[in-house]
Amino acid sequence: MRSKWWIAAGANLAMGVPGVVPVWLLWYVAVNGPLADLGWTRREPTENDGMLLWLVIVVPIVTAFVLLWWLANDFARRWNTAAARVYWPVCALVTLVPSATLVIFF
């Protein structure tokens, strides 16, 4: 039986498009929170509501996305014969392709 990577690649590219939102939210929290505390970035000057509000928004969105991503990949994994140590990292990287494309070109 052949490994059907096109199923996993298609599912992860499709998940990567709405996945841009959780990636951006995580980046925003990191830049305005821990990275700013370390002095590696500057906080958004108009961000004065604190990070709790952002965490209330970010945690449910990221949790929902990760759950849907895991369920989609668990379903697609049934048709793929690759080892789990190869399958899951490749799927995670393919999911980040739309976000990386936006970072590079825009």
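Visitor: Into how many nonpolar, polar and charged residues does the lining of the largest pocket divide?

Guide: The structure is a predicted model, in which local features need pLDDT of at least 70 and side-chain atom pairs count only at pLDDT 80 or more, while totals for chains, interfaces and linings use all residues. Residues are numbered from 1 along each chain as its sequence is written, and side-chain values use heavy atoms, with hydrogens and water left out. Ala, Val, Leu, Ile, Met, Phe, Trp, Tyr, Cys and Pro count as nonpolar, Asp, Glu, Lys and Arg as charged, and the others, Gly among them, as polar. The lining of the largest pocket thus holds 10 nonpolar, 3 polar and no charged residues.

Visitor: Which residues lie nearest the centre of the largest pocket?

Guide: A pocket is an open set of points on a 1 Å grid over the protein atoms alone, where a 1.4 Å probe fits, with protein on both sides within 12 Å along at least five of seven lines; lining residues have an atom within 4 Å of a point. Helices H2 (20-32), H4 (52-76) and H5 (84-95), which are DSSP runs (H or I) of at least four residues numbered from the N terminus, each supply at least two residues of this lining. Among the 13 lining residues, those nearest the centre are Val-23, Leu-26, Phe-65, Val-66 and Leu-96.

Visitor: With which residue does Arg-43 form a salt bridge?

Guide: A salt bridge is a side-chain nitrogen of Lys or Arg within 4 Å of a carboxyl oxygen of Asp or Glu, and the count comes to 1. The closest N and O atoms of the pair are 2.3 Å apart. Arg-43 therefore has as its partner Asp-37.

Visitor: Is Asp-37 buried or exposed?

Guide: Buried means under 20% relative accessible area, exposed over 50%, and partly exposed in between (1.4 Å probe, protein chains only). Arg-43, at 42%, is partly exposed. Because its relative accessibility is 58%, Asp-37 counts as exposed.

Visitor: Where is Ser-99 placed, and is Ser-99 buried or exposed?

Guide: Ser-99 belongs to helix H6, which spans residues 97-105 and also contains Val-103. Val-103 has a relative accessible area of 66% and is exposed. Ser-99, in helix H6 as well, has a relative accessible area of 10%, so Ser-99 is buried.

Visitor: How far apart are the C-alpha atoms of Gly-39 and Ala-82?

Guide: Gly-39 sits in the loop between helix H3 (34-37) and H4, and with a relative accessible area of 59% Gly-39 is exposed. Along the chain, Gly-39 and Ala-82 are 43 residues apart. In space, their C-alpha atoms are separated by 42 Å.
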